[in-house]
Amino acid sequence: MYLQRLLSCSRRFTRTNALQTFSRAASQGKNPSFSPSLSLHAVRYWSNVPFFTVPLARAHGKSFGHRSELRQAKRIVVKLGSAVVTRGDECGLALGRLASIVEQVAMLQNQGREMMIVTSGAVAFGKQRLRHEILLSQSVRQALHSGQNQLKDMSLPVLEARACAAAGQSGLMALYEAMFTQYSTCTAQILVTNLDFQDDQKRRNLNSTLHELLRMNIVPIINTNDAVVPPPEPNSDLQGVISIKDNDSLAARLAVEMRADLLIALSDVEGLYDSPPGSDDAKLLDTFYPGDQQSITYGTKSRVGIGGMEAKVKAALWALQGGTSVVIANGTHPKVTGHVITDIVEGKKVGTFFSEVKPAGPTVEQQTEMARTAGRTLASLDSEQRSDIICALADLLTERKDEILTANKKDLELSVSTGRLSPAMLKRLSLSSSKLNSLSIGLRQIAVSSQDSVGRVLRRTRVANNLELEQITVPIGVLLVIFESRPDCLPQVSALAIASGNALLLKGGKEAANTNHILHELAQEALSIHGVKDAIQLVSTREEVEDLCHLEKMIDLIIPRGSSQLVRDIQRAAKGIPVLGHSEGICHVYVDHEASIDKAINIIRDSKCDYPAACNAMETLLVHRDLLRTPLFDQIIDMLRTEHVKIHAGPKFASYLTFSPSEVKSLRTEYGDLECCIEVVDSMHEAVDHIHKYGSSHTDVIVTENEETAEQFLQQLDSACVFWNASSRFADGYRFGLGAEVGISTARIHARGPVGLEGLLTTKWVLRGEGHTAADFSEQGSLKFLHENLPVAQPLPGRRNTS
């Protein structure tokens, strides 16, 4: 009865209300399962909220072991710290932040989850109201008795925290209620004190009330009853203005009591650091494990509140022991506040995740650090030593091919049984003896080409007498290569990284897990001959690709190898890291009216049918209008039908036909299969315009016997690869003689087209002087710039680079 009346009234609960609700529910036979009673001697205090040394038994079992499992969280407690709820001036609420948090909580509630909020803010809200009332009262009183001149001397008295809480509770709840009403979500307020946890009966009453509210799809909003709590401790952050006697402890206690799946504690810090935030070596901990407390140094507390990070960690570990997963994150950052809660529930890397499941191997951050350290040693090796490593890997590919093919067979069988991969993707996943032999040959080409790659002098300048400048090639740093269903990519990219002196982080698809594992072992075995085993790391943990793209302080370049969707997702996610690659491979073949029949047939067949899933396969065939209804055009159509290629008609081509194939939905389509679009153009110039409009700047081909027409096409078309009378399938690092490639780039800077060894290098400037200063070259100085170009002396074999 009381809960029904609650919905039509203010929905505000006090401790007494909670007791009444429980009594009425019990009298009606509604007796939910209670937590077992615990005697008071098992209680210890971290603040005024008690914590039981032995967590209550939980029906739902252990906490989640990995972030990705947080998606399964059903019952969630969101704790809003004082710094999150209050404004920067500590007087009043941060309405914008609060509104975005309410929106996220309401969205999760409407998804069918059970949301609870533990909030601060009553004192701040009350302080704002009382200050306004005092200023108004003083101004009227002084205007009546002392004249206008006295108004300037008015001063505010120190406001007592409990009075502020009493004045602010109703306003705070009314604000929450108004905000949640916008999302058709009901709320109810519950105020608690120490007595509600110290007394078993009152604790069970509270538990019953909360369960009943959740059953009715109401969001409980819980807070300590600051109007009746003991006075604040001395030396509190705000000299008693805001006194939340540790809502961290309250949130953890309630989360365990209510068997919550997840506790999200929002504060004004990004999460837990291994040293005080702001210090030079401070690193944000993605995951924190019980037992790691000894490695943590706590800093100062937040600008408001009284808990501090140490109290948050203690509360989080207690909740974790009780079976509730915990994430501590920043709820004040303007760029992330609007989605911080939903991101956490989606399993994204936000804040610090507390887990009892410690991985057997290093974290991805540790792997990246290991790779960077070993990569610097790799870059300092002689070029011959790096070549030795690559040749050793090439030998291992053939010597251990039985192991590789056995692992690959397991991956293929699993993929076929689950039906996860298309035939085209299965072809990419498959390895064979001939493919391994080709890989070995390609690696040896890379070994030869790497002899003078790192440390090569590109430019020498005599700036002044005894002041010489050199520009030399150096590795980029740490590369992250993400690839799908292409295990042959692993040794190729590894060899290129070794040759260029780069550290490498590899993330392969789970469909090739067994093959990638053995290939990575072989790469590290080859690296071991010169003590740089850790330079190449395979990420085998359950890291999401988007999370890897956020390691902007650790990774220097991302290279995606996979579907266009994968590349687009990575380009969107990697806001702080350059991405080298192409999102689409919409390649064109234009058949001119002066084309050779035999050349056109062979080039079209090879470009489309040799490997339809490749990014350099033809997707659109452009045909000169004069070729329609000619023997050449008929032969092209017959060949495509013989090869079982499904044809889609472009709008212009369809207009010429009475009964046309299915009209194309978009002229900007990458089919990746035995499908293509045919469109008609009036001239070579129209073909160029079409490709510029609908192409992806990857690879485009002209078939013609007219040299002038061909040269105009080659010069006017702005694609990474432009061919004359050659298949689009030649757009490949191995076929270009690069040995291998890390991908094909359609970017405008650094590297374009098939990216081999040269594309993985950058430069640095080395200046050698004898005490020169910039002041020596001023108007009053004694030296003059010469800026003479000097011959570039190539390094001798075996010379170490200076990177």
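1. Start with Cys-609. Its contacts are Ile-604, Glu-643, Val-645 and Leu-674, leaving aside residues up to four places away in sequence. Cys-609 sits in helix α21. Take the pair Cys-609 and Glu-643. They are 34 residues apart in sequence, yet their C-alpha atoms are 7.2 Å apart in space. Bear in mind throughout that this is a predicted model.

2. Is Cys-609 buried or exposed? Its relative accessible area is 17%. Buried means under 20%. Cys-609 therefore counts as buried.

3. Now look at the whole chain. It has 803 residues, and 54% of them are buried. It holds 25 helices and 26 strands. Consider next the contacts with a separation of 6 or more. Of these, 76% join residues 24 or more positions apart. The pair Cys-609 and Glu-643, 34 residues apart, is one example of a wide gap in sequence.

4. Two helix pairs deserve a close look. Two packed helices are described by the angle between their axes and the distance between the axes. Take α21 and α22 to begin with. Helix α21 covers residues 597-609, and helix α22 covers residues 631-642. Their axes lie 10 Å apart, at an angle of about 25°. Angles under 35 degrees count as roughly parallel, so α21 is roughly parallel to α22. The crossing is right-handed.

5. Which residues of α21 and α22 meet? From α21 come Ile-597, Ala-600, Ile-601, Ile-604 and Arg-605. From α22 come Leu-632, Gln-635, Ile-636, Met-639 and Leu-640. By type, this contact has 8 nonpolar residues, 1 polar and 1 charged. Ile-604 appears here and also touches Cys-609.

6. The second pair is α24 (residues 684-694) and α25 (residues 707-716). Their axes come within 10 Å and cross at roughly 20°. That angle makes α24 roughly parallel to α25. This crossing, too, is right-handed.

7. What does each helix bring to the contact of α24 with α25? Helix α24 gives Met-684, His-685, Val-688, Ile-691 and His-692. Helix α25 gives Thr-709, Gln-712, Phe-713 and Gln-716. Sorted by type, the residues are 4 nonpolar and 5 polar, with no charged ones. Set that beside the α21 and α22 contact, with its 8 nonpolar, 1 polar and 1 charged.

8. Turn to Ser-500. It belongs to helix α17, which spans residues 489-500. Ser-500 is buried, because its relative accessible area is 0%. Its side chain reaches the backbone oxygen of Leu-496 at 2.7 Å.

9. What does Ser-500 touch, not counting residues up to four places away in sequence? The residues are Val-454, Pro-475, Leu-757, Leu-760 and Leu-761. Find them in the sequence, then in the model.

10. Two loop residues need a backbone check. Asn-725 has a phi near 55°, a positive value in a residue other than glycine. It lies in the loop between β22 (721-724) and β23 (743-745). Its relative accessible area is 23%, so Asn-725 is partly exposed.

11. His-787 is the other one. Its phi is near 50°, again positive in a residue other than glycine. The loop that holds His-787 runs between β25 (761-768) and β26 (788-790).

Technical notes. Residues numbered from 1 in each chain as written. Predicted model: local features only at pLDDT ≥ 70, side-chain atom pairs only at ≥ 80, totals over all residues. Heavy atoms only, no water. Helix = DSSP H or I, 4+ residues; strand = E, 2+ residues; numbered from the N terminus. Buried < 20%, exposed > 50% of the residue type's maximum accessible area, 1.4 Å probe, protein only. Polar contact = N/O pair within 3.5 Å; in protein donor to acceptor, adjacent residues only side chain to side chain. Contact = heavy atoms within 4.5 Å. Axes fitted to C-alpha atoms, helices over the stretch in contact; angles between N-to-C directions. Parallel < 35°, antiparallel > 145°, perpendicular 65-115°, else oblique. Left-handed = near helix turned anticlockwise from the far one by under 90°. Nonpolar A, V, L, I, M, F, W, Y, C, P; charged D, E, K, R; others polar.
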